[in-house]
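Colleague: Got a minute to go through this chain with me? I'd like to start with its surface.

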Amino acid sequence: MATSTDRPFLYSEAERRRRDASPWTLVQGVLAPLQFAVFLLSLALVSRTLATGEGVALANASVVAKTFALYAIMITGSLWEKAVFGRYLFAPAFYWEDVVSMGVLALHTAYLAALATGALGTTGLMCLALSAYATYLVNAGQFLLKLRAARLQAPAYAMGAAR
């Protein structure tokens with residue numbers, strides 16, 4: 001199985017052209033900071049609820065909003081990956097990011113299930129949300145490193161080194 005470390009560049013010339021032409025690139029560029037803003041607000045609300053016991057409904061609503069933002073970015077990200085790399089998930093260039101994304105999705109979905117079924121009390125829900133958020137931060141860091149790699153790769157394309 002090929003992984004991102006097997007490739008000298010993040011994108012081949014053809015993939016870079018498809019990335020630049022895809023409308024999903026802009027969608028991802030809008031949704032990523034939007035999701036991060038929702039995360040920051042929700043993190044504050046969840047932390048307040050854990051610290052004071054107040055604002056439970058608002059904290060829960062914020063985690064649900066963060067989860068829906070995550071679902072939106074995952075669906076559109078899969079469409080972007082298909083447009084650029086020809087597969088919906090686990091393209092070699094983004095393999096490990098997608099693996100961690102599955103964990104992020106699982107934790108956020110577990111939160112929704114626990115909230116809907118009453119399987120966890122307030123403290124359990126808030127701790128589960130924080131676990132999901134910690135994993136999300138790792139994943140966001142992975143994607144920021146990929147964004148940086150793509151920007152560093154751009155000058156190499158300009159000089160014709162990526163052929």
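Modeller: This is a predicted model. The chain exposes about 8,600 Å², with carbon and sulfur atoms supplying 70% of that area.

Colleague: What share of the residues is buried?

Modeller: Of the 163 residues in the chain, 38% are buried.

Colleague: And how many helices and strands are there?

Modeller: There are five helices and zero strands. Read from the N terminus, the order of elements is α-α-α-α-α.

Colleague: What percentage of the contacts with a separation of 6 or more comes from residues 24 or more positions apart?

Modeller: That percentage is 72%.

Colleague: Any concrete pairs? Which residue is L130 set against, C-alpha to C-alpha, 83 residues apart along the chain?

Modeller: That is S47, and the two C-alpha atoms are separated by 8.6 Å. L130 belongs to helix 5. Leaving aside residues up to four places away in sequence, L130 touches L43, V46 and L50.

Colleague: Why does L130 count as partly exposed?

Modeller: Its relative accessible area is 28%, and partly exposed covers the range between 20% and 50%, so L130 falls in that class.

Colleague: What about T123, buried or exposed?

Modeller: T123 is exposed, because its relative accessible area of 52% is over the 50% cut-off. T123 also sits in helix 5. The C-alpha atoms of T123 and A51 are 9.9 Å apart, with the two positions 72 residues apart in sequence numbering.

Colleague: Switching to pockets. How much space lies in the largest pocket?

Modeller: The largest pocket holds about 970 Å³. It is lined by 32 residues, and those closest to its centre are Q28, A32, I73, F143 and L147.

Colleague: Which elements give two or more residues to that lining?

Modeller: Helix 1 (13-21), helix 2 (23-52), helix 3 (56-85), helix 4 (95-117) and helix 5 (122-158). Helix 5 supplies the largest share, ten residues.

Colleague: How does the lining divide into nonpolar, polar and charged?

Modeller: The lining of the largest pocket has 18 nonpolar residues, eight polar and six charged.

Colleague: Back to the helices. What does helix 3 span from its first C-alpha to its last?

Modeller: Helix 3 spans 42 Å over its 30 residues, which is close to the 44 Å expected at 1.5 Å a residue.

Colleague: Which residue follows helix 3?

Modeller: G86 follows helix 3, and its phi is positive, near 85°. G86 is in the loop between helix 3 and helix 4. Its relative accessibility is 45%, so G86 counts as partly exposed.

Colleague: And how far is G86 from E15 in space?

Modeller: The C-alpha atoms of G86 and E15 are 9.3 Å apart, and the two residues are 71 apart in sequence.

Colleague: Which residue has a positive phi although it is not a glycine?

Modeller: F90 does, with a phi of about 65°. Most residues other than glycine have a negative phi.

Colleague: Where is F90 found?

Modeller: F90 is in the loop between helix 3 and helix 4. At 30% relative accessibility, F90 is partly exposed.

Colleague: Fine, that covers my list.

Terms used: Residues numbered from 1 in each chain as written. Predicted model: local features only at pLDDT ≥ 70, side-chain atom pairs only at ≥ 80, totals over all residues. Heavy atoms only, no water. 1 Å grid on protein atoms, 1.4 Å probe; cavity = no way out; pocket = protein on both sides within 12 Å on 5 of 7 lines; lining within 4 Å. Points joined across faces, edges and corners; volume = space filled by probe spheres on them. Helix = DSSP H or I, 4+ residues; strand = E, 2+ residues; numbered from the N terminus. Nonpolar A, V, L, I, M, F, W, Y, C, P; charged D, E, K, R; others polar. Buried < 20%, exposed > 50% of the residue type's maximum accessible area, 1.4 Å probe, protein only. Contact = heavy atoms within 4.5 Å. Areas by Shrake-Rupley, 256 points an atom, 1.4 Å probe, with all protein chains shown as cover. Expected span 1.5 Å × (residues − 1).
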